[in-house]
Amino acid sequence: MSSGRRVSTGTLRCLGIESTADDFGVGILSSDGEVLANVVSTYIPEKGGIHPREAARHHAEAAGKVLIEALEEADISPDEIDLIAFSQGPGMGPCLRTGATVARALSAYLKVPLVGVNHLVAHIEIGKLTTGAKDPVTLFVSGGSTIISAFEAGRYRIFGETLDIAAGNCIDVFAREAGLRPEKGLPVAAVVENLARRGRRFIPLPYVVKGMDLSFSGLLTAATQLLREGRHSLEDLCFSFQEVVFSMLTEVTERALAHTEKPEVLLTGGVAANRRLQEMIRIIAEEHDARFCVVSKEYALDNGAMIAWTGILAYRCGLTTPIEESQVKLRWRLDEVYAPWVEELKGG
Amino acid sequence: MLIKKGAEASLYLEEWHGRRVIVKRRLPKPYRLPQLDRAIRAQRTKHEPLAIHRAKEVGVPTPIIFMVDPSEATIIMEFVEGKTVKQVLDEITERERIDLCTRIGELIGRLHKGGIIHGDLTTSNMILTSSGNVVLVDFGLSELSREVESRGVDLHLMKRALFSTHHKYAEECFEAIIRGYRDVMGAEATDEVLKKIREIEMRGRYVSERRLPPKT
């Protein structure tokens, strides 16, 4: 990033584009934090997981429609946009490149600055904006990430993360192995949640916590083996599987909370929608006198609004991304991002 | 008197047969299913004193264990007077810091050489006594292993703790730790572990892929 040409003091409107994985989203926000539009189109694989090339094809096809819908929802014309933000990483290459291409084209056409945004930072920032959290320990759990983070000295530091697969991915793969499919618009993880609610008997499964880091691959293997053996009911297995995954997540979040003594816990990412996980994190937050904040589904899943908001935050600190530095960063870590705006927001 | 409420257990400073002792209680975690909770607490309560004892055998100072009660998930142990390395690290000179970290590295080396993985190497789990000894505490997540993978993860956690809590001098501290570690473990084993740490940092799916932490 480099210093911006102009840093306006009036109200800005930023259009943000999200395209790290299976969602193509466009959000429009004003600099006072009002969400003017938030439209998402999701690629749904016919079977199996996300194929990056197929997802990127979906994004390219959906881009025009989603953009127009967002502008209509915000009820503004393109020339009222002051800033274009896009998710520059981390994520799947073909998906990221599709979003970046749309962003560069819009920025050049509208002659407005471009801001490349870290997807993980954006999840935390929109969570803070929509829940009012100021300085939280964040548990971000999705299909691609499992990160426990808190802000220290200019950056969102990573206190814990998965040593192998993401928790959401672990749940999705388990569900597919169990032959479950998305039902009535519910993602497959929600199907697992519903089955788990009817489970009664707890079946021991590997529980692997190393300091503040987690490992899910052994648990996934063990659970899949039990599925194949067929000795236990699917309800009991879903129940036990969920209990172990979420207990592990809660244990490390509590450890980070005890270590940092932050006043809030922010739960976000696709898995944040799970009621049982919410219940567990709420309990530890209360025990440590921290406020429990859970991000609503619209903003916990991948969305363009979070990119737009983070774009505004960065831009107000004079950070923009010239075209020649706008290449996507597939492995852009959360703690690589310099986030000067956080200190300012903490006070206000 | 409650002196520390962690994620894992609560520590109480108490009088016990005329001694000042630490009572470590793994309290039930209300978020966890009772069955799962009981199993985890009992397992860790039984395991921790064993690892602490093993550490003494390989010359790593650890608290004396007075009593273990798995059914109540309680351990009574020596109260080690001193400051945590977390507190001390910010108060001392660079030379002292390097010296301290080198000694910590030696202790970790002795543990690993003896087949013990600490499991939660942070600067809060090391106490510098007034006589200048470094005592390692909290073996609640330890395991017995001689695998390079386990050693790598153990040191990776140490590195992470340094970079997230003491980012200003994390680099020099970690280098000093590795020097001390190398003195005990030898060059070959150390290089193997360092290679493993890099591999761990690069591991994972696209988002969780690792890179070296940023220099700040």
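Axes here are lines fitted to C-alpha atoms, for helices over the stretch in contact, and angles between them run from 0 to 180 degrees between N-to-C directions. Keep that in mind for the first stops, and remember that you are looking at a predicted model.

**Stop 1: helices 4 and 5**

Select residues 167–177 of chain A, which make up helix 4. Then add helix 5 of chain A, residues 188–197. The axes of helix 4 and helix 5 of chain A are 9 Å apart, and the angle between the two is about 75°. Angles of 65 to 115 degrees count as roughly perpendicular, so helix 4 of chain A is roughly perpendicular to helix 5 of chain A.

Now show the side chains where the two helices meet. From helix 4 of chain A come Ile171(A), Asp172(A) and Ala175(A), facing Val188(A), Ala189(A) and Val192(A) of helix 5 of chain A. Sort the residues of this contact by class and you get five nonpolar, no polar and one charged.

**Stop 2: bring in helix 7**

Keep helix 5 of chain A on screen and select residues 234–260 of chain A, which is helix 7. How far apart are the axes of helix 5 and helix 7 of chain A? They are 7 Å apart, with a packing angle of about 110°. That makes helix 5 of chain A roughly perpendicular to helix 7 of chain A.

On the helix 5 side of chain A, pick Val192(A), Glu193(A), Leu195(A) and Ala196(A); their partners in helix 7 of chain A are Leu234(A), Glu235(A), Cys238(A), Phe239(A) and Gln242(A). This contact has six nonpolar, one polar and two charged residues. Val192(A) may look familiar, since it also turned up in the contact with helix 4 of chain A.

**Stop 3: helix 4 against helix 7**

Hide helix 5 of chain A and look at helix 4 and helix 7 of chain A together. Their angle is about 175°, and the axes lie 11 Å apart. That makes helix 4 of chain A roughly antiparallel to helix 7 of chain A.

Helix 4 of chain A brings Ala167(A), Cys170(A), Ile171(A) and Phe174(A), while helix 7 of chain A brings Leu237(A), Cys238(A), Phe241(A), Val245(A), Phe246(A) and Leu249(A). What classes do these residues fall into? The contact has 10 nonpolar residues, with no polar and no charged ones.

**Stop 4: two backbone details**

Follow helix 7 of chain A into the loop that leads to strand 12 (264–268), and you'll find Glu261(A) there. Glu261(A) isn't a glycine, yet its phi is positive, at about 55°.

Next, jump to the loop between strand 5 (83–89) and helix 2 (93–110) of chain A, where Pro90(A) sits. The peptide bond joining Gly89(A) to Pro90(A) is cis, with omega about -5°.

**Stop 5: where chain A meets chain B**

Turn chain B on. Here 48 residues of chain A touch 40 residues of chain B. About 3,900 Å² is buried between the two chains, with carbon and sulfur atoms giving 55% of that area.

Look for charged pairs: five salt bridges cross this interface. One to select is Asp213(A) with Arg160(B), where the closest N and O atoms are 3.1 Å apart. The interface also holds eight residue pairs in polar contact.

Which element of chain A gives the most to this side? Helix 7 of chain A does, with 10 residues. Strand 9 (155–161), strand 10 (209–210) and helix 8 (275–287) of chain A each supply at least two. Colour the chain A side by class to finish: 19 nonpolar, 12 polar and 17 charged residues.

Technical notes:
Residues numbered from 1 in each chain as written. Chains lettered and ligands numbered in written order. Predicted model: local features only at pLDDT ≥ 70, side-chain atom pairs only at ≥ 80, totals over all residues. Heavy atoms only, no water. Contact = heavy atoms within 4.5 Å. Buried area = accessible area lost by both parts, 1.4 Å probe. Salt bridge = Lys/Arg side-chain N within 4 Å of Asp/Glu carboxyl O. Polar contact = N/O pair within 3.5 Å; in protein donor to acceptor, adjacent residues only side chain to side chain. Helix = DSSP H or I, 4+ residues; strand = E, 2+ residues; numbered from the N terminus. Nonpolar A, V, L, I, M, F, W, Y, C, P; charged D, E, K, R; others polar. Parallel < 35°, antiparallel > 145°, perpendicular 65-115°, else oblique.
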